[in-house]
Amino acid sequence: MNFNIAHFNESLIYGIKYLPNTLKLVFIPLVMGLILGTAVALVRAYKVPVFAKLLAGVVTIYQGVPIVVALMIYNLLFMLKFNDLAKLLHIQSSVADVDNIWVGIFALTLMAVCSMSEAIRGALLSIDHGQNEAGYSVGLTKVQTIRRIIIPQMIPVVIPTLINNVVGLIKASSVVMAIGITELVAGATIPSSRTYSFYEGYVAAAVLYWGLTIIIENLAGILRKHTGKFRGNAYD
């Protein structure tokens with residue numbers, strides 16, 4: 001099989017053109033996953049009555065559903081409900097008029113919330129319980145103790161696991177092309193439909209994913225070194 005550099009370069013350009021869609025599919029779920037995942041982890045780690053068991057069940061069930069299956073379910077629900085709403089409001093429209101990238105973002109966000117909550121919960125449980133008692137002994141409330149003592153110590157512990165989750169999120173973003181969203185992989189293979197040479201298109205997509213992963217890992221290294229001061233020199 002011959003590797004055509006011209007086709008590869010063209011695929012690379014197309015992949016970069018649609019890179020913003022992939023970044024949107026990664027960073028919106030990432031931010032929401034960190035916020036909601038931290039909340040879920042705190043509820044479970046501190047065993048809030050009723051909610052802790054409820055959220056534990058939701059996380060366990062959702063993690064057992066493949067992302068592509070969840071994505072298809074949400075897409076079908078979206079199409080059905082959107083058409084029903086359009087009929088109710090007497091709107092002459094179609095599902096195609098709405099950017100279904102938000103269906104992908106919704107599916108990836110739920111995946112990120114579940115996976116990141118587990119990572120954060122593990123990091124919270126790694127902090128010695130005496131740290132909580134020390135905070136209470138100097139007059140801090142539970143919220144102040146969590147914010148000022150627990151979370152700063154938790155951050156360097158959780159970073160490696162979160163980076164694995166972010167890399168997984170980057171890879172998982174490629175499945176949204178199953179519902180017609182043009183992201184990095186779909187964009188990189190657009191020229192292939194004309195040249196009938198998909199090899200270069202997929203290699204170009206792989207190179208772009210590799211570049212994204214390297215950037216994320218380098219940023220994580222800098223962050224881990226900066227936050228290591230909260231737990232001594234172990235993370236320098």
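Buried means under 20% relative accessible area, and partly exposed runs from there up to 50%. Keep that cut-off at hand for these exercises on a predicted model.

**Exercise 1.** Is Arg-44 buried or exposed?

*Solution.* Start with the relative accessibility of Arg-44, which is 16%. The cut-off for buried is under 20%, so Arg-44 counts as buried.

**Exercise 2.** Which residues form salt bridges with Glu-118?

*Solution.* Step one: Arg-44 pairs with Glu-118, with 2.5 Å between the closest N and O atoms. This pair links distant parts of the chain, since Glu-118 sits in helix α5 (residues 101–126) and Arg-44 in helix α2 (residues 19–45), 74 residues apart.

Step two: Arg-121 also forms a salt bridge with Glu-118, here with the closest N and O atoms 3.5 Å apart. Both Glu-118 and Arg-121 belong to helix α5, 3 residues apart, or about one turn of the helix.

Step three: put the shared partners together, and Arg-44, Glu-118 and Arg-121 join into one network. Within it, Glu-118 is partly exposed at 27% relative accessible area, and Arg-121 is partly exposed at 22%.

**Exercise 3.** Where in the chain do Arg-194 and Glu-10 lie?

*Solution.* First, note the contact itself: the two side chains, Arg-194 and Glu-10, meet in a salt bridge of 2.3 Å, N to O. Next, place the partners: Arg-194 is in helix α9 (residues 192–195) and Glu-10 in helix α1 (residues 5–17), 184 residues apart. Finally, check accessibility: Glu-10 has 22%, so this residue counts as partly exposed.

**Exercise 4.** How many salt bridges does the count come to?

*Solution.* The count comes to 3 salt bridges.

Conventions:
Residues numbered from 1 in each chain as written. Predicted model: local features only at pLDDT ≥ 70, side-chain atom pairs only at ≥ 80, totals over all residues. Heavy atoms only, no water. Salt bridge = Lys/Arg side-chain N within 4 Å of Asp/Glu carboxyl O. Helix = DSSP H or I, 4+ residues; strand = E, 2+ residues; numbered from the N terminus. Buried < 20%, exposed > 50% of the residue type's maximum accessible area, 1.4 Å probe, protein only.
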